[in-house]
Amino acid sequence: KIAKTTPVKRKKKKKTASSDSAEVVKKDKEAPAVAAAEEVVAPQQSKPTATTTKPKQPAKTDAASKKFLSNNLKSSNPNYRIQRELKEFLKSPPPGLSVKISGKNVRLWVITLSMPDNSIYAGDKYKLRVQFPNDYPTSPPSVFFLNPTPRHEHVYTNGDICLSLLGKDWRPIMTAQSIAQAIFSILCGAQRKSLPMDNARHAGNKPGQKQDDWVYHDDNC
């Protein structure tokens, strides 16, 4: 005979008030930790701030230039062409260049070259002395560097510049601004600082003389 076994019923434990309160305390402790974790996973995105760009300030005009430009010159006036060039230069100055009249002589300008950061003359400033002859624009202006002069293979230590545009290649349609831009471009394109090969022979000469009989070093000047 096989003895019959009867299943034993297990009694279910009743939740007491103390166990309920323990779970509540446990949940309360877990809540801040969960919230902190959610903040780490999904940080708040900051709103982009509006940026304002300052408008480009126009170039300042010196008193002598303002006075000269205020004159209503006729086309027959020998200074009419120079006044027109100065007006255009001040209205739309090329990058890195600025101009002003030297003293009371409207036919004598000083053009400042502010060298860009991507050139070997980064941060340097050089000044060009520009003198307009009586027969301008038939003849080119006299242009040379004031001290300190840049150390360049086409710039003599007396300030003279080996540039064919100041001699045989000058044309009356050119301007003082275009000459200054050509010189600025030559300096910007320089790869090394050096003196002209005949600097010792030329350095003692008075700068700014006519370049009618000059022999130019290469096609870049």
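User: Where does Pro78 lie?
Analyst: This is a predicted model, in which local features need pLDDT of at least 70, side-chain atom pairs count only at pLDDT 80 or more, and totals for chains, interfaces and linings use all residues. Residues are numbered from 1 along each chain as its sequence is written, and side-chain values use heavy atoms, with hydrogens and water left out. Helices (H or I, at least four residues) and strands (E, at least two) are DSSP runs, numbered from the N terminus. On that numbering, Pro78 is placed in the loop between helix 2 and helix 3.

User: Is Pro78 buried or exposed?
Analyst: Buried means under 20% relative accessible area, exposed over 50%, and partly exposed in between (1.4 Å probe, protein chains only). Pro78 has 59% relative accessibility, so Pro78 counts as exposed.

User: What distance separates the C-alpha atoms of Pro78 and Tyr136?
Analyst: Pro78 and Tyr136 are 58 residues apart along the chain. Their C-alpha atoms are separated by 8.5 Å.

User: Which residue follows Tyr136 through a cis peptide bond, and in which loop?
Analyst: Most residues other than glycine have a negative phi, and most peptide bonds are trans. The bond from Tyr136 to its partner is cis, with omega near 10°. The partner, Pro137, lies in the loop between strand 3 and strand 4. The residue is Pro137, and the loop is the one between strand 3 and strand 4.

User: What is the omega of the peptide bond from Asn147 to Pro148?
Analyst: Pro148 is found in the loop between strand 4 and helix 4 (176-188). The bond from Asn147 to Pro148 is cis, with omega near 0°.

User: In what order do the helices and strands follow along the sequence?
Analyst: The protein has 5 helices and 4 strands. Read along the sequence, the pattern is α-α-α-β-β-β-β-α-α.

User: Against which elements do the buried residues of helix 3 pack?
Analyst: Helix 3 (residues 80-91) has 12 residues and reaches 17 Å from its first C-alpha to its last, close to the 16 Å expected (1.5 Å times one less than the number of residues). Its buried residues include Ile82, Leu86, Phe89 and Leu90. They pack against helix 2 (63-70), strand 1, strand 2 and helix 4.

User: Which residues of strand 1 point to the buried face?
Analyst: In a regular strand the side chains alternate between the two faces of the sheet. Along strand 1 (residues 97-101), Ser98 and Lys100 point to one face and are not buried. The other face, with buried side chains, has Leu97, Val99 and Ile101.

User: How many bridges pair strand 1 with strand 2?
Analyst: Two strands pair if DSSP finds at least two bridges between them. Leu97 stands opposite Leu113 in strand 2, and in this hairpin, with 6 residues between the strands, Gly103 takes a positive phi near 65°. Strand 1 and strand 2 (residues 108-114) are antiparallel, and their number of bridges is 5.

User: How many bridges join strand 2 to strand 3?
Analyst: The two strands run antiparallel. Val110 has Arg129 of strand 3 as its bridge partner. The number of bridges between strand 2 and strand 3 is 7.

User: Which residue in strand 4 stands opposite Val130?
Analyst: In strand 3, Tyr126, Leu128 and Val130 point to one face and are buried, whereas Lys125, Lys127, Arg129 and Gln131 point to the other and are not. Strand 3 and strand 4 pair in the antiparallel sense over 4 bridges. Opposite Val130 in strand 4 stands Val143.

User: What is the angle between the ring planes of Tyr121 and Tyr126?
Analyst: Rings of Phe, Tyr and Trp (its six-membered ring) pair if their centres lie within 6.5 Å; planes under 30 degrees apart count as stacked, over 60 as edge-to-face and the rest as tilted. A search of the whole structure finds 7 aromatic pairs. Tyr121 and Tyr126 form an edge-to-face pair, 6.0 Å centre to centre, with an angle between the planes of 90°.

User: Which ring in strand 4 pairs with Tyr126?
Analyst: Tyr126 counts as buried at 7% relative accessibility. The partner ring has its centre 6.2 Å from that of Tyr126 and the planes lie at 80°, so the pair is edge-to-face. The pair links distant parts of the chain, 19 residues apart, from strand 3 (residues 125-131) to strand 4 (residues 142-145). The partner, buried with a relative accessible area of 2%, is Phe145.

User: How many disulfides does the structure hold?
Analyst: A disulfide is counted as a pair of cysteine sulfur atoms within 2.5 Å. Cys162 is buried, with a relative accessible area of 1%, and Cys188 is partly exposed at 27%. The number of disulfides is 0.

Terms used: Contact = heavy atoms within 4.5 Å.
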